[in-house]
Structure formats: structure tokens, C-alpha cells
Amino acid sequence: MELKFRVSGRISRPVHEVFEAVADPAELSSYFTTGGSSGRLEKGQMVTWEFADYPGAFPVEVVDVVKDKLILLRWNVHDDESGDDLKTEVTMRFSDCGDGRTLVEIAEEGWGTNQKGLKTSYGNCEGWTQMLCAMKMWTEHRINLREGYYK
């Protein structure tokens, strides 16, 4: 069984603005990477994401970027059960809905096919869903939904 998921949501802002809410480290750090993002998401870059409510920095490999359309990332996942170091792949797609809104789709895959992989995939699915909700609130209303959410 291959573990993967896709979440999506519509944000009432133009595609370019929504894309920049992810690609621009200042914007991303305002609602998601609340401990900071070390750089802009550009093809071939390695950036780190930190979260004020979760210890440690996460290295993020930027595999591909197509302006206003796609961001493709990879990051490490250590599987304690198998001892393997895996990389999951995160694909973010941005589409113009034709009515001033943007459809954002986030998919992730690549976990080990064991209990640890299943648990981690569910946690990441929850995290990306929360990211979409936080991005909507930030881009539409400038409200940081994560503030006080986890602590």
C-alpha cells in the first residue's frame, strides 16, 4: 500500500498573491513557519523551516518551481521502525478559479509502508490542512491563525 494524500482549498486572492504567500519567506513565516524560513523557495535551493511550537529546523529541498503554478519540495523523514531515512515529496499546485480565487492543492507521498509511516503521513496531512487554513486567514484577513493554537 502506497501512503499518499492530497488536500485542497480555495483562497479569495489572485494566484500570484497566493503563490507568493508560500514562496516568500517573510509571508510564509507570518502564518506557517512561525520560527522562520531561511530563504525564498527557488528551484535548486535548500532552505530550513522552523516552527515556534515544534523544536528543531527542517531542511527543505526545493526541487522545482514554476511561478504562480507549482512548488515541488522534498524533505527527510526518519523511519524508526525500519531505520531508513526517506524523503517525502510535497507538490503544491496553484490554479486560477476564474473568479478571483485560487485553488491550492497540496499532495505528499513517500513514507515507509509501516505503522510509523502511516502515523507520520496522517500527521502531515493534518499539518498541510492547517497550513491551508492558516494561509487563507493570512492572505485574506492578515490574521495569524497559528498564534496560540498549539501552546
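Is arginine 142 buried, partly exposed or exposed, and what is its relative accessibility? I opened my notebook with that one, keeping in mind that this is a predicted model.

**Entry 1: arginine 142**

I looked up the accessibility and got 44%, so arginine 142 counts as partly exposed. I then placed arginine 142 in the segment after α3, the helix that covers residues 115-141. Its backbone caught my eye too: phi is positive, about 60°, although the residue is not a glycine. I noted this down because most residues other than glycine have a negative phi.

**Entry 2: aspartate 68**

I went looking for another positive phi and stopped at aspartate 68, where the angle is near 65°, again in a residue other than glycine. Aspartate 68 sits in the loop that links β4 (54-66) and β5 (70-78).

**Entry 3: threonine 33**

Next I picked a residue from another loop. Threonine 33 lies between α2 (25-31) and β2 (36-37). I checked whether the loop leaves it open to solvent, and the relative accessibility came back as 0%, so threonine 33 counts as buried. Leaving out residues up to four places away in sequence, I found threonine 33 touching Leu28, Trp49, Glu50 and Phe51.

**Entry 4: helix α1 and the nonpolar core**

How many of the nine residues of α1 are buried? I counted seven, which leaves this helix (residues 15-23) mostly covered. The buried ones are Val15, Val18, Phe19, Glu20, Ala21, Val22 and Ala23.

From there I moved to the largest nonpolar core, which has 35 residues. I listed the members that touch the most other members: Tyr31, Trp49, Met92, Trp128, Met131 and Met135. As a reminder to myself, nonpolar side chains tend to be buried together in soluble globular proteins.

I followed methionine 135 a little further. With residues up to four places away in sequence set aside, methionine 135 touches Ile11, Val18, Ala21, Val22, Tyr31 and Val104. Val18, Ala21 and Val22 are also among the buried residues of α1, and Trp49, from the core list, is one of the contacts of threonine 33.

**Entry 5: cysteines**

I searched the whole structure for disulfides and found zero. Why is cysteine 97 not bonded to cysteine 133? The sulfur of cysteine 133 is the closest cysteine sulfur to that of cysteine 97, but at 16 Å it is too far for a bond. For cysteine 125 the closest cysteine sulfur is likewise in cysteine 133, and 11 Å is too far for a bond as well. I also noted accessibilities: cysteine 97 is partly exposed at 31%, and cysteine 125 is partly exposed at 23%.

Definitions and conventions. Residues are numbered from 1 along each chain as its sequence is written. This is a predicted model: local features need pLDDT of at least 70, side-chain atom pairs count only at pLDDT 80 or more; totals for chains, interfaces and linings use all residues. Side-chain values use heavy atoms; hydrogens and water are left out. Helices (H or I, at least four residues) and strands (E, at least two) are DSSP runs, numbered from the N terminus. Buried means under 20% relative accessible area, exposed over 50%, partly exposed in between (1.4 Å probe, protein chains only). Contact means heavy atoms within 4.5 Å. A nonpolar core is a set of buried Ala, Val, Leu, Ile, Met, Phe, Trp, Tyr and Cys residues joined through side-chain atoms within 4.5 Å. A disulfide is a pair of cysteine sulfur atoms within 2.5 Å.
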